[in-house]
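Trainee: I have a new structure to look through, and I would like to learn how to read it step by step. Could we go over it together?

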Amino acid sequence: MLGKGVVGGGGGTKAPKPSFVSYVRPEEIHTNEKEVTEKEVTLRLLPGEQLLCEASTVLKCVQEDSCQRGIYGRLVCTDFKISFLGDDESTLDNDETQFKNKVVGENDITLHCVDQIYGVFDEKKKTLFGQLKKYPETLIIHCKDLRVFHFCLRYTKEEEVKRIVSGIIHHTQAPKLLKRLFLFSYAAAAQNDAAPDPKNHAVMFDTLQDWCWELERTKGNMKYKAVSVNEGYKVCERLPAYFVVPTPLPEEDVPRFQGHGIPIWCWSCHNGCALLKMSALPKEQDDGILQVQKNFLDGIYKTIHRPPYENVKTEDLSSNFLSLQEIQTAYSKFKQLFLIDNSTEFWDTDIKWFSLLESSSWLDIIRRCLKKAVEIIECLEAQNMNILLLEENASDLCCLVSSLVQVMMDPHCRTRFGFQSLVQKEWIMGGHCFLDRCNHLRQSDKEEHQRQLSLPLTQSKSSPKRGFFREETDHLIKNLLGKRISKLINSSEELQDNFREFYDSWHSKPRSYHGLLLPHIEGPEVRVWAQRYLRWIPEAQILGGGRVATMSKLLEMLEEVQSLQEKIEERHHSQEARQAEPTSLLRNSARLSSLFPFALLQRHSSKPVLPTSGWKALEDEEDLAKREDEFVDLGDV
């Protein structure tokens, strides 16, 4: 294919220089290609979106150990996204792309999705920020969704390189005013449609009617009411304009502490119990003010404790759960495992993959969040208790735990429109600080572009260093070895008997996907979500993979590779028969990734799949990469 090329150099690690020398300049190839195809991929702009700068003859690279392969095209920057327009995108029109994102493509990077920008200067990788005196020959962009893009600018005109690199750095890193965000331009240019039917569309919860509809859907309208006391955000900007409170609660109580100390309804269970949340009252030193606050809270609790309301259990997430600093630190370590620049870097981390994964503590945090949600579900479902989530501003961990509970208990929240409505209700209208947490305005950058999120000043709590798998295997050990040995094992988070009984009882019954769904919360059951975190890494994908069913079948075949290798000497006569099936699968689905629909395009790799050190031993016996090259004609892809 004329649009593809091979160049040497660049990247974060040194690679053997290719021995082939081309005497045809890439720009000539690019020019000839335009003459042959007689068409150029056009940039698709959203309403209100404007083109800022662009560069032609840019090579989007696929990083490998010995070379850089890729395709030529244009790199453009708008006030909404960075886009690479390559000629291979036009072929996607013939594929089944019903899961394709309608706003951004696979080669699009929204400006808010850019995490770090690096440049390669004489094979040395450096962070880019501010005004540059020298411009890189390769631009590397790390994205917040764990994608890594490599753009070779060696054959781009010097003026275009300066323009595109400076433009990308400025529009992704420079501090912004709120009104300069693209969403305001889009909102002004896009057409405002009539209010949709909440049954067939996501509910926006920006009207009193939306909240009344949600109350009716969950049958919570007998005990709770929607109020408009904050209409126009005249009481508090942190609260939505409309929300739901217990029916006996006087509306004049809401403005007393700017919405703090008010139990706000999240969701009602089928048995009438409800999930509530409350932001804590501000801490005061004056005894008089403290007494006023105490009297106010006493009145609130009396309101929600008397009939027809069930008993209320308070879950203080600020003091008895994870801190935001713990979550941020763990995720920062965790994401580094997936921001891979090249194959060498990938395989260097392979031997210590699981050690690095456990040391990040991210999977343990996921397990603790799931466990907290299941504990709350047990109170709602089995004990018939209302749950009141308490947090400093009720806009971080409250959003997380409440969302998990509703996804597990409410089948509607597991539908497409239901999940969109859930995010809108709990996160958008729930007041989550996206501007601060995601740093959209770039106001909190520190020196050398090391970004720190703006978090509340809550004290970080250190968790006991017991190991990820040890804690949950304690329960199994107790059952196997009896009560006598269990006295020697002290678990810092031993599950309550009634919770464990509820949890085990549910998992022992046949599942109904139209009712309650509980995840496995034992340590070994919590694993990395491959389709989320590994979908951009070529080494973790199957060459020529196709739909999810095909991917599942190929993964089963890969698990048998090692055992087949041991038997290959005594079963030479069956070797061709065993290779026939994967050959046909690979050739019939050469366009789509194995992680379709989460990644549409095929990405080539010269290494085996999946980050397990066992593949190293297989490489010593036989080069699997060469065998795969016999199956797939890469020139047709």
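Trainee: Which residue in β13 is the bridge partner of serine 268?

Mentor: Happy to help: this is a predicted model, in which local features need pLDDT of at least 70 and side-chain atom pairs count only at pLDDT 80 or more, while totals for chains, interfaces and linings use all residues. Residues are numbered from 1 along each chain as its sequence is written, and side-chain values use heavy atoms, with hydrogens and water left out. Strands are DSSP runs of E with at least two residues, helices are runs of H or I with at least four, and both are numbered from the N terminus. Four bridges join β12 to the antiparallel strand β13 (residues 274-279), and there the partner of serine 268 is alanine 274.

Trainee: In what order do the four strands of that open sheet lie?

Mentor: Two strands pair if DSSP finds at least two bridges between them. The pairing in this sheet is mixed. Its edge strands, β12 (264-268) and β14 (312-316), each pair on one side only. Put together, the order is β12-β13-β15-β14.

Trainee: At about what angle does helix α5 run to β14?

Mentor: Angles run from 0 to 180 degrees between N-to-C directions, using axes fitted to C-alpha atoms, for helices over the stretch in contact. Helix α5 (residues 287-305) lies across β13, β14 and β15 (386-391). Its angle to β14 is about 130°.

Trainee: Is isoleucine 262 buried or exposed?

Mentor: Isoleucine 262 sits in the loop between β11 (243-246) and β12. Contact means heavy atoms within 4.5 Å, and, leaving aside neighbours within four places in sequence, isoleucine 262 touches residues including Val245, Phe296 and Ile300. Buried means under 20% relative accessible area, exposed over 50% and partly exposed in between, with a 1.4 Å probe and protein chains only. With 1% relative accessibility, isoleucine 262 therefore counts as buried.

Trainee: How many residues of β6 are buried?

Mentor: Strand β6 (114-121) has antiparallel partners, being joined by six bridges to β8 (residues 138-143) and by four to β7. Glycine 119 in β6 pairs with leucine 139 in β8 and with lysine 126 in β7. The strand is mostly covered, and of its eight residues the buried ones number eight.

Trainee: What is the phi of glutamate 123?

Mentor: Most residues other than glycine have a negative phi, and most peptide bonds are trans. Glutamate 123 lies in the loop between β6 and β7 (124-127), and aspartate 122, in the hairpin of those strands, takes a positive phi near 50°. Glutamate 123 is not a glycine either, yet its phi is positive, at about 65°.

Trainee: What is omega for the cis peptide bond of proline 307 and proline 308?

Mentor: Proline 308 is placed in the loop between α5 and β14. The peptide bond that joins proline 307 to proline 308 is cis, with omega about 10°.

Trainee: Which residue meets lysine 425 in a salt bridge at 3.2 Å?

Mentor: A salt bridge is a side-chain nitrogen of Lys or Arg within 4 Å of a carboxyl oxygen of Asp or Glu, and the whole structure has 21 of them. In this one, the side chain of lysine 425 meets that of glutamate 214. The pair links distant parts of the chain, 211 residues apart, from helix α11 to helix α4 (residues 208-217). Lysine 425 is buried at 4% relative accessibility, and so is its partner, glutamate 214.

Trainee: About how much accessible area does the nonpolar patch of Phe419, Val423 and Ile428 have together?

Mentor: Patches are made of residues with over 30% relative accessible area and no salt bridge, where like charges are joined within 9 Å and nonpolar side chains (Val, Leu, Ile, Met, Phe, Trp, Tyr) within 5 Å. Accessible areas come from the Shrake-Rupley method with a 1.4 Å probe, and for residues only the protein chains shown count as cover. Isoleucine 428 belongs to helix α11 (residues 416-428) and is partly exposed at 42% relative accessibility. Together, the three residues of this surface patch have about 240 Å².
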